[in-house]
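Work through the exercises below with the sequence and the 3D structure at hand. Each task is followed by a solution that goes step by step.

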Amino acid sequence: MFFTPRFVRDLDSCHVTFTADTKVSVPGIYAENYIRGTVARKLVKEASDAALICESLTFALGIPEDIRKEVTASGNREEYAIVLGRESAVYATEECGLLFGLATLLQLADIGELTCKLVYDYPVCPVRGYR
């Protein structure tokens, strides 16, 4: 992984697999097609007996209050939380956070770390990038 998220809690040691049957829900935002396409191309795999099959992957604006309390959320506009399990979700305060959450999902997949867990992160600086 290129970075260490600010908060990670393992929920279980089982590996999570996204299949063609995983229902993907994305709010009607500018990046909806990009998110759906990236999930289909980069995350969908054949099911294996050893993995927990993810039934749904939801991208949603707003981080649930119970997660905000557990991770001591910063309120940064680019923050996001990922819950991986049978019903997975990427929550973000704003749309850009959903994209950063997707990028983290791809990194977790690349290093074989798609296990049942809660991940939370936000940028070190108030605004990402070079200005």
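A residue counts as buried when its relative accessible area is under 20%, as exposed when that area is over 50%, and as partly exposed in between, with a 1.4 Å probe and protein chains only. Helices (H or I, at least four residues) and strands (E, at least two) are DSSP runs, numbered from the N terminus. The model is a predicted one, in which local features need pLDDT of at least 70 and side-chain atom pairs count only at pLDDT 80 or more, while totals for chains, interfaces and linings use all residues. Residues are numbered from 1 along each chain as its sequence is written, and side-chain values use heavy atoms, with hydrogens and water left out.

**Exercise 1. Determine how strand 5 is placed and what it pairs with.**

Start with burial: seven of the seven residues of strand 5 are buried, so this strand is largely enclosed by the rest of the structure.

Next, look for its partners, bearing in mind that two strands pair if DSSP finds at least two bridges between them. Strand 3 (residues 80-84) is joined to strand 5 (residues 115-121) by five bridges, and the two run antiparallel. Within this pairing, Leu-84 has Lys-117 as its bridge partner, and Val-83 stands opposite Leu-118.

Then turn to strand 1, which is also joined to strand 5 by five bridges in the antiparallel sense. Here Asp-10 stands opposite Lys-117, the residue that is also the bridge partner of Leu-84.

**Exercise 2. Trace the order of the strands in the barrel.**

The five strands form a closed barrel in the order 1-2-4-3-5, with mixed pairing. Neighbouring strands of this sheet are turned by 40 degrees against each other on average, direction ignored; the axes behind such angles are lines fitted to C-alpha atoms, for helices over the stretch in contact, and angles run from 0 to 180 degrees between N-to-C directions.

Two helices can now be added, with contact taken as heavy atoms within 4.5 Å. Helix 1 (residues 32-43) packs on the sheet and touches strand 1 (7-25) and strand 2 (51-61), its direction making about 105 degrees with that of strand 1. Helix 3 (residues 95-110) also packs on the sheet, where it touches strand 2, strand 3, strand 4 (87-92) and strand 5, and its direction makes about 45 degrees with that of strand 3.

To see what "mixed" refers to, recall that strands of a sheet pair through backbone hydrogen bonds, either parallel or antiparallel. Strand 2 pairs with strand 4 in the parallel sense over six bridges, and one of the bridge partners there is Ser-88, which belongs to Leu-57. Strand 3, by contrast, runs antiparallel to strand 4 and is joined to it by four bridges, with Tyr-80 opposite Ala-92. These two strands form a hairpin with two residues between them. Strand 4 itself is mostly covered, five of its six residues being buried.

**Exercise 3. Find where Leu-114 lies, and whether it is buried or exposed.**

Along the chain, Leu-114 lies in the loop between helix 3 and strand 5. With a relative accessible area of 10%, Leu-114 is buried.

Its surroundings come next: leaving aside neighbours within four places in sequence, Leu-114 is in contact with several residues, among them Cys-14, Val-16, Leu-43, Leu-84 and Leu-105. The C-alpha atom of Leu-114 is separated by 7.5 Å from that of Thr-17, although the two residues are 97 apart along the chain.

**Exercise 4. Compare the settings of Thr-72 and Glu-55.**

Thr-72 is found in the loop between helix 2 (65-71) and strand 3. It is exposed, with a relative accessible area of 62%, and has a positive phi of about 55 degrees although it is not a glycine.

Glu-55, in turn, is found in strand 2 and counts as partly exposed at 43% relative accessibility. Not counting residues up to four places away in sequence, Glu-55 touches Asp-21, Thr-22, Lys-23, Arg-86 and Glu-87. With Glu-87, which is 32 residues away along the chain, the separation of the C-alpha atoms is 5.7 Å.
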